[in-house]
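Student: Please take a close look at one part of this model: its salt bridges, and what surrounds them.

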Amino acid sequence: MDKNQKINCTVGSCKYNDEQRQQCMLEQIIVEPILGCDTKEPDESMCSSYENNEE
């Protein structure tokens, strides 16, 4: 994996999101499956590293 990989994100409510750059400020994220979702589309997964910026 490229050591300069970036995680782009547009979830403005996440405290790790740099909204101006639309970039996640974490070095890594955890992606988890959505249980019971078998759409074969992006909605089958979610970023479980998300934290609300108001916490």
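Tutor: Here is a walk through the charged pairs and one neighbouring strand residue. This is a predicted model: local features need pLDDT of at least 70, side-chain atom pairs count only at pLDDT 80 or more, and totals for chains, interfaces and linings use all residues. Residues are numbered from 1 along each chain as its sequence is written, and side-chain values use heavy atoms, with hydrogens and water left out.

The whole structure holds three salt bridges (a side-chain nitrogen of Lys or Arg within 4 Å of a carboxyl oxygen of Asp or Glu). Arg-21 pairs with Asp-18 at 3.6 Å, N to O. Asp-18 is buried at 19% relative accessibility (buried is under 20% relative accessible area, exposed over 50%, partly exposed in between; 1.4 Å probe, protein chains only).

Arg-21 also meets Gln-23, side chain to side chain, in a polar contact of 2.9 Å (N or O atoms within 3.5 Å, one able to donate a hydrogen and the other to accept it; residues adjacent in sequence count only if both atoms are side-chain atoms). Gln-23 sits in strand β2, residues 23-24 (strands are DSSP runs of E, at least two residues, numbered from the N terminus). Gln-23 is buried, at 11%.

Glu-51 bridges to Lys-15, with the closest N and O atoms 3.1 Å apart. Glu-51 follows β4 (45-47) and Lys-15 precedes β1 (17-18), so the pair ties together parts 36 residues apart in sequence. Glu-51 is partly exposed at 28%; Lys-15 is partly exposed at 40%.

Asp-38 pairs with Lys-40, closest N and O atoms 3.1 Å apart. Asp-38 is exposed at 57%, and Lys-40 is exposed at 64%.

Note on methods. Helix = DSSP H or I, 4+ residues; strand = E, 2+ residues; numbered from the N terminus.
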